[in-house]
Amino acid sequence: MAHILVAGNINHDRVWHLDRPLTPGGRLSCVNREVRLGGGAFHTGAQLLRLGHAVTIAGHLMDDETGHKALSTLETMGFDTARVSMIPGETAAADILLDPTGERTIIAPPNRKRLAADLFGAIDTDAIYVNASECGPGLLAAMEKAPLSIAQFPAKEAARPADILIGSAADMAGHDYADLWSVAHRIAGTRLSHFVITDGPDPVRLMDSAAIRLVPPPERLQLADTIGAGDTFAGSYLHAILAGHAPPEAALLACRLTEDHLIARRDRGQSPSGSF
């Protein structure tokens with residue numbers, strides 16, 4: 001299996017499991033509440049670990065009791081945490097309101113500041129995956145040198161060298177699909193081969209300079225907890241590409257692997273990995 005660097009956010013999510021969907025003026029009950037690790041780097045890296053890869057994670061945690069407990073959890077799961085930076089300050093959790101249909105509402109902590117994802121010192125990897133709003137110079141240099149570089153489509157257009165971009169249809173709000181390849185090319189540069197766009201249970205779009213292809217997922221499942229599904233798909237897709245699959249087959253395999261994980265998580269009630 002491969003050695004992969006994942007870089008980006010390592011969050012603390014306080015998940016409120018609601019008894020019914022949110023409605024204006026409604027009264028709801030919380031049937032369960034848990035705090036678990038989240039964020040793009042965490043969910044993607046955790047899936048790559050489950051698939052047998054060696055994963056180095058680069059991100060930031062707060063230098064408090066909660067941050068050090070999270071670092072210990074990452075190490076227990078099998079992450080190489082040598083590139084995790086401990087930052088002075090207090091850990092703040094995001095609140096996620098999760099209703100029984102799987103719809104979620106995310107409330108970010110007040111005054112949360114995102115530090116740029118960066119890498120200090122050289123690293124030898126088979127692939128790099130980045131999900132960060134900002135990338136520091138060390139990380140950009142590592143992406144440039146990596147044999148395979150995959151990046152999440154950023155909320156704000158910012159250059160990052162990548163062979164593949166991945167994003168969700170929700171991230172494309174305000175973009176015209178007719179012009180989206182030009183936007184992706186500006187972000188990823190000349191090495192971009194294709195752009196993967198997920199849309200929940202709907203078909204995955206594979207976009208390149210010539211066309212857009214649709215890849216229907218194998219089934220349409222109603223799951224009550226889809227937190228991290230897109231990031232899990234990204235890890236699964238990277239796994240499939242490294243295994244030599246062409247993009248359409250990689251997208252289909254990634255859908256199946258993501259569903260397998262979500263079903264397993266549902267069947268055991270909640271995931272012990274990354275929970276506090």
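Contact here means heavy atoms within 4.5 Å. The model is predicted, and the exercises below apply to its single set of coordinates.

**Exercise 1. State which residues Glu103 touches, leaving out those up to four places away in sequence, and whether Glu103 is buried or exposed.**

Solution.
Step 1. Locate the residue: Glu103 lies in the loop between strand S6 (94–98) and strand S7 (104–107).
Step 2. Apply the contact criterion with sequence neighbours up to four places away set aside: Glu103 touches Leu97 and Leu98.
Step 3. Check accessibility. Exposed means over 50% relative accessible area; Glu103 has 54% relative accessibility, so it counts as exposed.
Step 4. Add a long-range distance: the C-alpha atoms of Glu103 and Ile227 are 9.2 Å apart, with their positions 124 residues apart in sequence.

**Exercise 2. Describe the overall build of the chain: how many helices and strands are there, and how does the radius of gyration relate to the globule rule?**

Solution.
Step 1. Count the elements: the chain has six helices and 13 strands.
Step 2. Compare the radius of gyration, 18 Å, with the 19 Å that the globule rule gives for 276 residues; the two are close, so the chain is as compact as a globular protein of that length.
Step 3. Take the extents: the C-alpha trace spans about 50 × 40 × 35 Å along its principal axes.
Step 4. Take burial: 48% of the 276 residues count as buried.
Step 5. Take contact order: among contacts with a separation of 6 or more, 63% join residues 24 or more positions apart.

**Exercise 3. Determine how many residues of helix H1 are buried, and follow one of them, Thr44, to its contacts.**

Solution.
Step 1. Helix H1 covers residues 40–50, and 10 of its 11 residues are buried, so the helix is largely enclosed by the rest of the structure.
Step 2. The buried residues are Gly40, Ala41, Phe42, His43, Thr44, Gly45, Ala46, Gln47, Leu48 and Leu49.
Step 3. Thr44 has a relative accessible area of 0% and is therefore buried.
Step 4. Beyond its neighbours within four places in sequence, Thr44 contacts Val6, Tyr129, Asp231, Ala234 and Gly235.
Step 5. Thr44 and Ile57, 13 residues apart in sequence, have C-alpha atoms 9.9 Å apart.
Step 6. Just after H1, Gly52 takes a positive phi of about 100 degrees.

**Exercise 4. Classify the packing of H1 against H5 and give the make-up of the contact.**

Solution.
Step 1. Two packed helices are described by the angle between their axes and the distance between the axes.
Step 2. The axes of H1 and H5 cross at roughly 45 degrees and come within 7 Å. That angle makes H1 oblique to H5.
Step 3. The crossing of H1 with H5 is right-handed.
Step 4. H1 contributes Gly40, His43, Thr44, Gln47, Leu48 and Arg50, while H5 contributes Asp231, Thr232, Ala234, Gly235, Ser236, Leu238 and His239.
Step 5. By class, the residues of this contact are three nonpolar, eight polar and two charged.

**Exercise 5. Repeat the analysis for H5 and H6: what is the angle, and which residues meet?**

Solution.
Step 1. Helix H5 (residues 229–242) packs on helix H6 (residues 247–267) at an angle of about 135 degrees, and the axes are 8 Å apart. This makes H5 oblique to H6.
Step 2. H5 and H6 cross in a right-handed sense.
Step 3. From H5 come Ala229, Thr232, Phe233, Ser236, Tyr237, His239, Ala240 and Ile241; they meet Pro247, Ala250, Ala251, Leu253, Ala254, Cys255, Leu257, Thr258, His261 and Leu262 of H6.
Step 4. The contact of H5 with H6 has 13 nonpolar, five polar and no charged residues.

**Exercise 6. Assign Ile128 and Ala155 to buried or exposed, and place each in the chain.**

Solution.
Step 1. Ile128 is in strand S8 (residues 127–131). At 1% relative accessibility, Ile128 counts as buried.
Step 2. Not counting residues up to four places away in sequence, Ile128 touches Leu5, Ala142, Met143, Ala146, Leu148, Ser149 and Ile150.
Step 3. The C-alpha atoms of Ile128 and Thr56 are separated by 9.5 Å, at 72 residues apart along the chain.
Step 4. Ala155 sits in the loop between strand S9 (149–152) and strand S10 (164–168). Its relative accessibility is 84%, so Ala155 counts as exposed.
Step 5. Ala155 and Gly167 are 12 residues apart along the chain, with 9.7 Å between their C-alpha atoms.

Technical notes
Residues numbered from 1 in each chain as written. Predicted model: local features only at pLDDT ≥ 70, side-chain atom pairs only at ≥ 80, totals over all residues. Heavy atoms only, no water. Axes fitted to C-alpha atoms, helices over the stretch in contact; angles between N-to-C directions. Helix = DSSP H or I, 4+ residues; strand = E, 2+ residues; numbered from the N terminus. Parallel < 35°, antiparallel > 145°, perpendicular 65-115°, else oblique. Left-handed = near helix turned anticlockwise from the far one by under 90°. Nonpolar A, V, L, I, M, F, W, Y, C, P; charged D, E, K, R; others polar. Rg over C-alpha atoms; globule rule 2.2 N^0.38 Å. Buried < 20%, exposed > 50% of the residue type's maximum accessible area, 1.4 Å probe, protein only.
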